[in-house]
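Me: Hi! I have a structure open here and would like to talk it through with you. Could you start with how the chains meet?

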Protein chains: 2
Amino acid sequence: MKSISKAVISRLPRYYRYLGELKEEGIERISSGDLSERMHVTASQIRQDLNNFGGFGQQGYGYNVSYLYDEIGKILNLDKDHSMVIIGAGHLGQAIANYANFEKRGFKVIALFDKNPEVIGKIVRNVEVLDIDGLENYLNNNKIDIVALTLPKEQATKIADTLVACGIKAIWNFAHTDLELPDDVIVENVHLSESLMKLAYNYGEIENR
Amino acid sequence: MKSISKAVISRLPRYYRYLGELKEEGIERISSGDLSERMHVTASQIRQDLNNFGGFGQQGYGYNVSYLYDEIGKILNLDKDHSMVIIGAGHLGQAIANYANFEKRGFKVIALFDKNPEVIGKIVRNVEVLDIDGLENYLNNNKIDIVALTLPKEQATKIADTLVACGIKAIWNFAHTDLELPDDVIVENVHLSESLMKLAYNYGEIENR
DNA sequence: TAGATTGTTAATCGATTAACAATC
DNA sequence: TAGATTGTTAATCGATTAACAATC
């Protein structure tokens, strides 16, 4: 099976979001042309993207919204549950723990960790903040799918090695650094400062024209 | 002047980060070849990217780290101050307000807004949380460069229109929706749920191989 | 059936990589 | 000067768009 390009994957969650909205609006079917207008992408791209995974539509009819929504959900593994641990219980860690929609999609936060005694023991959305010293032991005794790293880069690098040693395969990295880990460990980076710099560049350009 | 491609812009902050690290390590010069090894990109791409903005290097020598760092900073507008207002003083809003490094780069949070009486009046990093009802008046009387939207999508859409009406040209959008705004308003999206879905897809692929 | 719209191939466009002459 | 490394042009690769036959 030829692997799917990164560009395609990165568009799937957006399709999923729009289809969810269409579903909520009670719309049963949609053509690539109509969806293209809503999403401001070409109809060609929508059809090409979807056909990487199979023929979800029907000639002369279009796509069944509910069916396509479910299918994209399956592709994105949203039909399975994912246990998640958050390391770093500062505002960012707590923001993620509190975000209800993740749980709706099967992402279940089952523990937070921190080294700060002031937050250890605190309950965030029914989940206790545990002492980081117990992390290794915890990981060895619980099946964890995803670890979110919401702590400063100095600590993130070291903790990431521990995670890999404990067999963690998926890391959601908010620390401002690139983790250098083995190939079979997936890292998804959220670099907020880089996002903000892009914004600074782009609005600077607008001002000068 | 031909405009620079999005792909190039999105790589600049990462170059900037690596150059900052090199500076801290006390390294004075670096060749595209050496930088390419550190960053895991091709030397060709580095040279192509940089030459969109001018010749920053010198044949036979490479690039002066400190000089290149400053030049990329200028391109990204980091040599200017940017006043920022955060709307939504929940955990995510507070996380951003608290992030010290932004201030180092010239991004100054000068107000937070919320509609929740329990947080209004609270001081976050020397900045007061104000009542959202006073937003329009505030924007009309203060020069604000960037507004961060860290609130639910239902509210974000409405607030975004207010922002545009008040002349805001740069929005850092954390709400899970695409804001439909005039062309001269720059929106930089941070869609955390889409990032998490990409991670779910990718580590699912690893498991199946 | 006729119209609509997909699935898919072919054409275009843009971005990345390779190569090398220029030059420090 | 000789070696190193850039700046830049040319070649390749991949992604997007256009076109249309297949088919519901």
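Reply: Happy to. The contact takes 58 residues from chain B and 58 residues from chain A, where contact means heavy atoms within 4.5 Å. Keep in mind that this is a predicted model, in which local features need pLDDT of at least 70 and side-chain atom pairs count only at pLDDT 80 or more, while totals for chains, interfaces and linings use all residues. Residues are numbered from 1 along each chain as its sequence is written, chains are lettered from A and ligands numbered from 1 in the order in which they are written, and side-chain values use heavy atoms, with hydrogens and water left out.

Me: Do the two copies meet through the same surface or through different ones?

Reply: Through the same surface, because 100% of the interface residues of chain B are also interface residues in chain A.

Me: And how are the copies placed relative to each other?

Reply: A turn of 180° and a shift of 0.0 Å along the axis lay chain B on chain A with an RMSD of 0.0 Å. The two copies are therefore related as by a two-fold rotation axis. In chain B, the C-alpha nearest that axis belongs to His91(B), 2.5 Å from it. The superposition is by least squares on the C-alpha atoms of residues with pLDDT of at least 70 in both copies.

Me: How much area do chain B and chain A bury between them?

Reply: About 5400 Å², with 65% of it on carbon and sulfur atoms. Buried area is the accessible area (1.4 Å probe) that two parts lose on being put together, summed over both.

Me: How many salt bridges cross the interface of chain B and chain A?

Reply: The rule finds 8, a salt bridge being a side-chain nitrogen of Lys or Arg within 4 Å of a carboxyl oxygen of Asp or Glu. One of them joins Lys198(B) to Glu188(A), with the closest N and O atoms 3.8 Å apart.

Me: Which element gives the most to the side of chain B that touches chain A?

Reply: That is H9(B), with 14 residues. Helices (H or I, at least four residues) and strands (E, at least two) are DSSP runs, numbered from the N terminus. By class, this side of chain B has 30 nonpolar, 14 polar and 14 charged residues. Ala, Val, Leu, Ile, Met, Phe, Trp, Tyr, Cys and Pro count as nonpolar, Asp, Glu, Lys and Arg as charged, and the others, Gly among them, as polar.

Me: OK, switching to the DNA. Which residues come nearest to strand C?

Reply: Ser32(A), Arg47(A), Gln48(A), Ser44(B) and Gln48(B), out of 24 residues around DNA strand C. A residue is near a strand if one of its heavy atoms lies within 4 Å of it. Sugar and phosphate make up 57% of the strand C atoms that come within 4 Å of the protein.

Me: What does Arg47(A) reach?

Reply: An N or O atom in the Arg47(A) side chain is 2.8 Å from a base oxygen of DNA strand C. The Arg47(A) side chain also has an N or O atom 3.1 Å from a base nitrogen of DNA strand D.

Me: Anything on the phosphates of strand D?

Reply: Yes, a phosphate oxygen of DNA strand D is 3.0 Å from an N or O atom in the side chain of Arg11(A).

Me: Last one: which helix gives the largest share of the surface near DNA strand D?

Reply: H3(A), with 4 residues. For DNA strand C, H3(B) gives the most, with 4 residues.

Note on methods: Polar contact = N/O pair within 3.5 Å; in protein donor to acceptor, adjacent residues only side chain to side chain.
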